[in-house]
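Hello,

Here is the structure I promised to pass on. Please have a look at it first, and my notes follow below.

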Amino acid sequence: MPEAAMIELQLKAARDSFHLNIECTLAAPWTVIFGPSGAGKSTLLRLIAGLDRLNKPDSGRISVHGQYVADTRTGLHIPPGKRSIGLVAQQSALFPHLNVAANVAYGIANRIANRIANMDRDARQQRVSSMLELVGASHLADRSPRALSGGEAQRISLARALAPMPQLLLLDEPMSALDAEARDEVLTRLQTWLLEQKIQTVLVTHDAADALATAAEVAVLREGKLAALGPASIVLADERNRLLVRLNSDGAFTTIV
Amino acid sequence: MDWQALALTLKLAAITTAILLCIAVPLAAWLTLGRSRWRVIAEALTGLPLVLPPTVLGFYLLVLLGPRTGLGRAITTMLGHPLAFSFEGLVVGSVIYSLPFAVQPIVAGFAAIDGSLIDAARLLGAGPIRLVRTVLVPLAGRSLLTAAILSFLHTLGEFGVVLMLGGDIPGATRTLSIVLFNQVEGFDYSAANHTAATLLLFCILALTLVYARPKNLLGGPLRTSPGKDHAGGRHD
């Protein structure tokens, strides 16, 4: 039996540019998957979310919080909407024909949605405003997504993913369009809230600073394989030293970037 | 001007278009999003009326819907008259004949929608029907309009299927293009000119509507990536 409150992965999957070959258990409330671009991070998230399917030549299984969501031996594939997983990708993917509030309400406006069946109108509006508040975007409720900056759109996308109160939140470089200050502010508030709500979070990034900023368990992914898994201070010690060196010679730092 | 034929033609085109949109939206959604291996065959079959001589289609429908087949006999018992040589029969023929003109623009419209929006809707719990209703159709409004206009015009001008399947019964199956044919055959070029000019004008007007692409009329596939923001460098 898969264990509750953790994600178990056992994957062998070939994609265009790489082979994913991963066997691990993600048990921390906040895990950062760190790796260079093209290491298979996004694909891994899409597999967990169910947007990418484990098909024939692939083999493996995925369990989320004690329930198998995909298993190639039995052909099991639970559709993404029934996994209680929120995903925020780099691309905000807001519905352009709906205003911000309607975007955030999309996942809770569906009567059949698994966990929040029969949510009434007031409760829905309440949830939408509290989510917008959480991401610091209450003033944007009536805007069209077309009138948002990249950073604003990412916040709304985050609020939309959280509104149905998923059990698991997947973040794919979700704050790339925010400047550093806003990112730290949103991330800190978000992390506290997610811990409170017991929503497990897996964040993917290629930025070592991101991985180090949040006290977390870190999984390092290289060429589709898990290179390390453990506390950030240990796993990313090298990366950290490198960053420190660059920061110390800060004249050089600005010219590099 | 044969007003009865004009009214009949418009009625046929309107009914056909309405039925086609009801069929084409779910069919196009399946062709765009489905994973079945039958999709390729379905796509080929959908496009078939584009290349098939209308008379071939008309002939087989005539046989299929006539008293020679079980289906034809069953329909005759149900309706009290055979489908061939009736208005309802023409509707069936027109729907099949104009199917690609409805399906293909909608497939193109759906395919142009950013996949990340479809992913987002699925993750938020939308099943296929909700996905079509709340994301695909609103974002492919312009394609739906194009599909409707093309289906309407194509039905308006169809000749081979109507002649084979409908015969030439005034008030039931005599459409404008049949009237035009009769007028030419009877050397009544002045009347034929009226009929032809009516059809021509109508088609030009309607196609202008398609190509004008009224931007704010029904929306349409939109790019949703916040590219302008990256370029502008605006951060919050």
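**A helix pair in chain B**

Helix α3 of chain B (residues 54–65) packs against helix α5 of chain B (residues 87–111) at an angle of about 135 degrees, and their axes lie 11 Å apart. That angle makes α3(B) oblique to α5(B), since 135 degrees is neither over 145, as roughly antiparallel would need, nor within the 65 to 115 of a roughly perpendicular pair. The crossing of α3(B) past α5(B) is right-handed. Before going on, I should say that this is a predicted model.

If you would like to look at the contact itself, α3(B) brings Pro54(B), Leu57(B), Gly58(B), Leu61(B) and Leu65(B) to it, and on the α5(B) side they meet Gly89(B), Val92(B), Gly93(B), Ile96(B) and Tyr97(B). By class, 7 of the residues in this contact are nonpolar and 3 are polar, with no charged ones.

**One residue further along chain B**

I also picked out Ile149(B), which sits in helix α8 of chain B (residues 141–156). Is Ile149(B) buried or exposed? It falls in between: Ile149(B) has 19 C-beta neighbours inside 10 Å and therefore counts as partly exposed, as a buried residue would need 20 or more. Leaving aside residues up to four places away in sequence, Ile149(B) touches Ala206(B), Leu209(B) and Val210(B). Ala102(B) is another residue to check: 47 residues separate Ile149(B) from Ala102(B) in sequence, while their C-alpha atoms are 8.7 Å apart in space.

**Chain A and its two domains**

Turning to chain A, you will find 9 helices and 11 strands there. Of the 257 residues in chain A, 42% are buried. Among the contacts in chain A with a separation of 6 or more, 66% are between residues 24 or more positions apart.

The domain assignment splits chain A into domain 1, made of 1–84 + 167–257, and domain 2, covering 94–166. Where the two meet, 15 residues of domain 1 of chain A are in contact with 14 residues of domain 2 of chain A. On the domain 1 side of chain A, β8 (168–172) and α5 (180–197) each supply at least two of the residues that touch domain 2. The element that gives the most to that side is α5(A), with 5 residues. The residues on this side of domain 1 of chain A comprise 10 nonpolar, 3 polar and 2 charged.

Happy to talk it over whenever suits you.

Best wishes

Key:
Residues numbered from 1 in each chain as written. Chains lettered and ligands numbered in written order. Predicted model: local features only at pLDDT ≥ 70, side-chain atom pairs only at ≥ 80, totals over all residues. Domains from an automatic or database assignment. Contact = placed C-beta atoms within 7 Å. Helix = DSSP H or I, 4+ residues; strand = E, 2+ residues; numbered from the N terminus. Nonpolar A, V, L, I, M, F, W, Y, C, P; charged D, E, K, R; others polar. Axes fitted to C-alpha atoms, helices over the stretch in contact; angles between N-to-C directions. Parallel < 35°, antiparallel > 145°, perpendicular 65-115°, else oblique. Left-handed = near helix turned anticlockwise from the far one by under 90°. Buried ≥ 20, exposed ≤ 12 C-beta atoms within 10 Å, placed from the backbone.
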